[in-house]
Amino acid sequence: GANDRLADLHHDAYGHIWLLSYSNTLYRFDCSDGEMDEPVNARIMSVFKLSDTDFRFVTAGGEILRSEYSRNGQSCSLVRYLDIPDGESVVRICKDSEGTVWTLTEHAIYKDTGKLTDSPGYCFFEGRDGLYFGSSAGKLLKYDGSALDTIDTGISGRVELLAEIPGRHEF
């Protein structure tokens, strides 16, 4: 409502602004005519922008919706993308350079709409030799396109941040 505070906002390629309130209401504002609507009757916990025309919306019930725009972008529907089990929290949704969508939760990693592993995913890094996911108990997961390997980092906690060091091949 009018008294609600803003939690998140994203601009799309068609001149709309997606607004998420602290009360978990999603609004879409049309900059061309000043109209605001609520595109879905569900509590939205988070919004992930994968591109200017590709968004994912995580509902309170564990359903993940994706944006589906009309050809000219005048209308947009939110359609079911993936259901995650009760009690699973989405940490991040991202897209790699090949267009694969990765959904990282506190209990699993999903590749597009299929579960890749029951290991948690806390962060994502696309390296030259594969994709890396930070996980629990100091584990780093490496996916080379076909197999998932586990690398023990020697730390005991979660791996929540991966970064490449300029000029070095490690990260």
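Two strands are taken to pair if DSSP finds at least two bridges between them, and strands themselves are DSSP runs (E, at least two residues), numbered from the N terminus. The model described here is predicted, so local features need pLDDT of at least 70 and side-chain atom pairs count only at pLDDT 80 or more, while totals for chains, interfaces and linings use all residues. Residues are numbered from 1 along each chain as its sequence is written, and side-chain values use heavy atoms, with hydrogens and water left out.

A good place to begin is the open sheet. Four strands build this sheet with antiparallel pairing, in the order β5-β6-β7-β8. Its edges are β5 (44–51) and β8 (76–83), each of which pairs on one side only. On average, neighbouring strands of the sheet are turned by 25 degrees against each other, direction ignored; the axes are lines fitted to C-alpha atoms. Within the sheet, β6 (residues 54–59) and β7 (residues 63–69) run antiparallel and are joined by three bridges. Phe57 has Leu65 in β7 as its bridge partner.

Two loop residues also invite a look at their backbone. Most residues other than glycine have a negative phi. Asp112, although not a glycine, has a positive phi of about 50 degrees; Asp112 lies in the loop between β11 (109–111) and β12 (114–117). With 31% relative accessibility, Asp112 counts as partly exposed, a class that falls between buried (under 20% relative accessible area) and exposed (over 50%), using a 1.4 Å probe and protein chains only. Ala137 likewise has a positive phi, near 55 degrees, and is placed in the loop between β14 (130–134) and β15 (139–143). The relative accessible area of Ala137 is 42%, so Ala137 is partly exposed.

Definitions and conventions:
Axes are lines fitted to C-alpha atoms, for helices over the stretch in contact, and angles run from 0 to 180 degrees between N-to-C directions.
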